[in-house]
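New to this one? Here's a quick briefing on how the protein and its ligand fit together.

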Amino acid sequence: MIKNYFTPNTIEEAVSLKETYGDRAKYLSGGTELNLRINKEKYETFIDLRNVNSREIKVLESGSMEIGAGVTFQDLVSNENVPYQLKRAAQYMDSRNVRNIATIGGNIGSGRTMGDLLPTLLVLEAKVKIGESEKLITVEDYIHGRCDGLIEKIIINGSDLEKSYGSRAHMRTSNDISIIGAAVTFEERDGKLHRVKIALGGVDKKVIRLREVEGSLEGKTPTKEEIVNLIKENINPLGDVRGSKEFKTHMAAELVAESFGIN
Ligand SMILES: Cc1cc2nc3c(=O)[nH]c(=O)nc-3n(C[C@H](O)[C@H](O)[C@H](O)COP(=O)(O)OP(=O)(O)OC[C@H]3O[C@@H](n4cnc5c(N)ncnc54)[C@H](O)[C@@H]3O)c2cc1C
């Protein structure tokens with residue numbers, strides 16, 4: 001049961017409230033995830049970030065992007081400054097009603113394996129600026145639990161946005177949350193792949209990078225079969241109500257190959 005509800009006006013105030021109330025306090029942005037779990041988990045304090053979360057989307061002179069944690073999925077879809085990679089990832093969330101409220105900060109903060117923005121943020125090597133510090137940490141480290149600080153903004157380097165990009169997601173119906181999400185970035189020179197990054201959601205507890213596969217593809221011109229086999233050898237999803245282990249393995253391998261544009 002929620003016993004305390006705060007609406008701080010500054011990041012410092014929000015961070016200090018979190019320090020005071022500890023693990024039973026949760027930052028609240030759109031609430032689309034938290035309100036689902038409110039009866040299952042033992043939160044006592046909500047720290048509502050409505051006066052703190054930035055919805056600013058900035059393109060810096062270097063070509064890098066800064067995206068406030070309070071930017072919604074719909075902002076990503078509609079704002080002309082948002083790169084196509086993030087627009088595409090945001091559109092995997094089909095419901096406009098949820099897109100209007102759900103934030104990028106909340107997608108990273110919940111860190112769920114089916115978070116639709118996460119595979120794309122991982123292959124773009126996006127970083128988060130944490131309210132408590134001047135240091136940047138990668139979205140990958142954040143979702144793998146190496147930090148649970150207040151997400152202030154997300155930063156993506158211009159050079160990562162210039163790479164070739166592809167992504168795919170599979171859901172039961174367009175209104176459902178993804179079962180498998182895949183994203184890749186790469187450079188292509190002389191018909192060969194370079195600087196490959198691959199991220200998959202739905203095949204592990206968190207969204208993961210497939211670094212061994214990335215290394216194996218460096219300097220290669222792989223066939224679809226080679227990509228599919230490499231992916232299958234390097235993932236071990238759990239079967240559950242959303243799909244058997246075999247189904248998820250098959251879908252993940254196909255979606256990665258398709259993300260490279262190889263059908
Ligand atoms: C009907 C429905 C459909 C959905 N469909 C999809 C879908 O298609 N794809 C998808 O990816 N998700 C989906 N979701 C899940 C959810 O909408 C997303 O994960 C969303 O991005 C959460 O954002 P939020 O702002 O609502 O987060 P909240 O619910 O406010 O918070 C989620 C988590 O992030 C933490 N958090 C929030 N903001 C911050 C911050 N600034 N700093 C640190 N931690 C923070 C919170 O403490 C909490 O742990 C769906 C949810 C619902 C209810």
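Which domains give residues to the shell around the ligand, and where does the ligand lie as a result? In this predicted model, domain 1 (4-48) and domain 2 (57-160) both chip in, so the ligand lies between them.

**The domains**
- The domain assignment splits the protein chain into domain 1 (4-48), domain 2 (57-160) and domain 3 (161-259).
- If you go from the C-alpha centre of domain 1 to that of domain 3, you'll cover 34 Å.

**Who's around the ligand**
- There are 31 residues around the ligand, and the ones that come nearest are Tyr-27, Ser-29, Gly-30, Thr-32 and Thr-103.
- Sort the shell by class and you get 15 nonpolar, 13 polar and three charged residues.
- At least two shell residues come from each of β2 (25-28), α2 (34-37) and α6 (104-110).
- The largest share belongs to α6, which supplies five residues.

**Polar contacts and cover**
- Lys-26 has a polar side-chain atom 3.3 Å from an oxygen atom of the ligand.
- With Tyr-27, it's the backbone that takes part: one of its polar atoms there is 2.6 Å from a ligand oxygen.
- Ser-29 brings a polar side-chain atom to 2.7 Å from a nitrogen atom of the ligand.
- On its own, the ligand has 980 Å² of accessible area, and the protein covers 90% of that.

Technical notes. Residues are numbered from 1 along each chain as its sequence is written. This is a predicted model: local features need pLDDT of at least 70, side-chain atom pairs count only at pLDDT 80 or more; totals for chains, interfaces and linings use all residues. Side-chain values use heavy atoms; hydrogens and water are left out. A residue is near a molecule or strand if one of its heavy atoms lies within 4 Å of it. A polar contact is a pair of N or O atoms within 3.5 Å; within protein, one must be able to donate a hydrogen and the other to accept it, and residues adjacent in sequence count only if both atoms are side-chain atoms. Accessible areas come from the Shrake-Rupley method with a 1.4 Å probe; for residues, only the protein chains shown count as cover. Helices (H or I, at least four residues) and strands (E, at least two) are DSSP runs, numbered from the N terminus. Ala, Val, Leu, Ile, Met, Phe, Trp, Tyr, Cys and Pro count as nonpolar, Asp, Glu, Lys and Arg as charged, and the others, Gly among them, as polar. Domain bounds come from an automatic or database domain assignment.
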